[in-house]
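Work through the following exercises with the sequence and the model at hand. Each task is followed by a solution in steps.

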Amino acid sequence: MERLQGKHFSITDPNEVNTVIYKVNKTEKEFLKDSPKYTVERLEYMEEIRSEGKKKTFFIDEPSDEGDSLVILSFGKERVVVNTGLLQDDKVKISKKPIPIKFNELYSEEETEYKNFSYTPNLKRPISIIDPETTEEIKPVLYFDEKTNEIKGKCKLKPYKSYFAFEIREDT
């Protein structure tokens with residue numbers, strides 16, 4: 001019988017903040033030709049309501065022996081604080097300085113589709129689009145691209161609404 005190995009850690013959000021965390025995965029060399037160099041995977045969590053805020057316990061299945069890079073997004077009223085961290089051994093180390101980020105606001109007055117990307121069975125992908133009000137990820141709509149003979153995805157965005165999108169890229 002196969003046994004899952006995993007780790008967990010907790011944070012406490014103040015009442016007006018909602019934090020989500022992503023694990024950054026580096027694509028293995030043999031798959032790099034047809035895949036992005038990095039993909040992101042949203043961590044599952046359990047939430048416990050407390051008087052001072054919400055305690056969230058995040059879970060990582062199959063943690064790496066070298067450590068796992070994390071992107072920490074804390075959504076507040078009309079702003080997002082972005083930070084990075086590293087889960088190594090049984091500790092989470094969070095950077096003291098937030099990282100500089102280039103971003104574009106995704107907003108349209110018409111319903112639109114955003115970004116074609118190749119489908120992977122585990123739904124890991126290079127970009128994540130988040131509704132900042134609910135902090136829920138916008139799930140892609142899958143379709144078959146007859147030109148490339150691949151299954152691909154697109155995210156449908158609603159009109160008159162802002163979204164937060166991020167992508168992990170190699171620093172050039």
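**Exercise 1. Describe the open sheet that contains E1: strand order, edges and twist.**

Step 1. The order is E1-E5-E4, an open sheet of 3 strands with antiparallel pairing; two strands count as paired if DSSP finds at least two bridges between them.
Step 2. E1 and strand E4 (44-50) each have a single partner strand and stand at the edges, so one side of each is left without a neighbour in the sheet.
Step 3. From one strand to the next the twist averages 20°, where axes are lines fitted to C-alpha atoms and angles run from 0 to 180 degrees between N-to-C directions.
Step 4. E1 and strand E5 (residues 53-61) run antiparallel and are joined by 8 bridges. Thr12 stands opposite Lys55 in E5.

The model is predicted: local features need pLDDT of at least 70, side-chain atom pairs count only at pLDDT 80 or more, and totals for chains, interfaces and linings use all residues. Residues are numbered from 1 along each chain as its sequence is written, and side-chain values use heavy atoms, with hydrogens and water left out.

**Exercise 2. State which elements make up the protein chain and how its contacts are spread along the sequence.**

Step 1. Count the elements: there are 0 helices and 13 strands. Helices (H or I, at least four residues) and strands (E, at least two) are DSSP runs, numbered from the N terminus.
Step 2. Take the contacts (heavy atoms within 4.5 Å). Among those between residues at least 6 apart in sequence, 59% join residues at least 24 apart.
Step 3. For burial, 33% of the 172 residues are buried. Buried means under 20% relative accessible area, exposed over 50%, and partly exposed in between (1.4 Å probe, protein chains only).

**Exercise 3. Find the salt bridge partner of Lys7 and place both residues in the chain.**

Step 1. A salt bridge needs a side-chain nitrogen of Lys or Arg within 4 Å of a carboxyl oxygen of Asp or Glu. The whole structure has 9 salt bridges.
Step 2. The partner of Lys7 is Asp90, with the closest N and O atoms 3.6 Å apart.
Step 3. Lys7 is in strand E1 (residues 6-13) and Asp90 in the loop between strand E7 (79-88) and strand E8 (91-94), 83 residues apart, and the pair links distant parts of the chain.
Step 4. Lys7 counts as partly exposed because its relative accessibility is 25%; Asp90, at 70%, counts as exposed.

**Exercise 4. Decide whether each of Lys161 and Asp131 is buried or exposed, and say what their pairing ties together.**

Step 1. The two side chains meet in a salt bridge (3.0 Å, N to O).
Step 2. Lys161 lies in the loop between strand E12 (150-157) and strand E13 (164-167), and Asp131 in the loop between strand E10 (127-130) and strand E11 (141-145), so the pair ties together parts that are 30 residues apart in sequence.
Step 3. Lys161 counts as buried because its relative accessibility is 16%. Asp131 counts as buried at 10%.

**Exercise 5. Name the residues linked to Glu47 in a network of salt bridges, and compare the accessibility of Glu47 and Lys56.**

Step 1. The network links Asp13, Glu47 and Lys56.
Step 2. Within it, the side chains of Glu47 and Lys56 meet at 4.0 Å, N to O.
Step 3. Glu47 has a relative accessible area of 41% and is therefore partly exposed, whereas Lys56, with 0%, is buried.
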